[in-house]
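Reader: Could you walk me through the pockets and the core of this protein?

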Amino acid sequence: MAAYEAALVGQGPRQEIGACRTKPGSISALIVKFYRSAEWAGLASSTQVTYRGILERFRAEHGDKPVALLQRGHVRAILAKKAATPQAANNLRKLIRLLMRFAIEE
């Protein structure tokens with residue numbers, strides 16, 4: 001009851017929404033951190049919409065994988081699957097590069 005009452009008045013530990021569904025060090029966690037960054041906030045809203053669509057598709061397929069184990073060969077294989085749509089492959093390559101630079105800075 002004490003924890004319930006503390007929650008009612010806004011005390012106690014706050015958990016971020018979805019924190020239990022995102023593994024630390026994963027691609028999904030990196031994307032979440034990127035969405036909360038100043039770099040993301042500095043993008044135009046139309047750019048954010050475009051980037052979010054690309055990132056969410058990438059996250060749906062590879063979100064649980066660890067970022068630290070991502071290698072050049074993995075990226076090539078991911079992009080090779082998009083060979084039929086070269087513009088989509090180029091957009092994904094651009095965003096993977098952006099994410100990796102962000103990860104290194106963080």
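Author: Happily; pockets come first, then the core. This is a predicted model, where local features need pLDDT of at least 70, side-chain atom pairs count only at pLDDT 80 or more, and totals for chains, interfaces and linings use all residues. Residues are numbered from 1 along each chain as its sequence is written, and side-chain values use heavy atoms, with hydrogens and water left out.

Reader: Which elements give two or more residues to the lining of the largest pocket?

Author: A pocket here is an open set of points on a 1 Å grid over the protein atoms alone, where a 1.4 Å probe fits, with protein on both sides within 12 Å along at least five of seven lines; lining residues have an atom within 4 Å of a point. The lining includes Arg72, Val75, Arg76, Arg93, Ile96 and Met100. Taking helices as DSSP runs (H or I, at least four residues) numbered from the N terminus, the elements are α5 (72–80) and α6 (86–105).

Reader: Which element gives the most to the lining of the second largest pocket?

Author: Among the residues lining this pocket are Ile54, Arg57, Phe58, Glu61 and His62. Both α4 (45–62) and α6 supply at least two residues. The top contributor, with 5 residues, is α4.

Reader: And which element gives the most to the largest nonpolar core?

Author: Such a core joins buried (under 20% relative accessible area, 1.4 Å probe, protein chains only) Ala, Val, Leu, Ile, Met, Phe, Trp, Tyr and Cys residues through side-chain atoms within 4.5 Å. This one has 20 residues, and Ile31, Phe58 and Leu99 are among those with the most contacts inside it. With 6 residues, the element giving the most is α6.

Notes
Buried means under 20% relative accessible area, exposed over 50%, partly exposed in between (1.4 Å probe, protein chains only).
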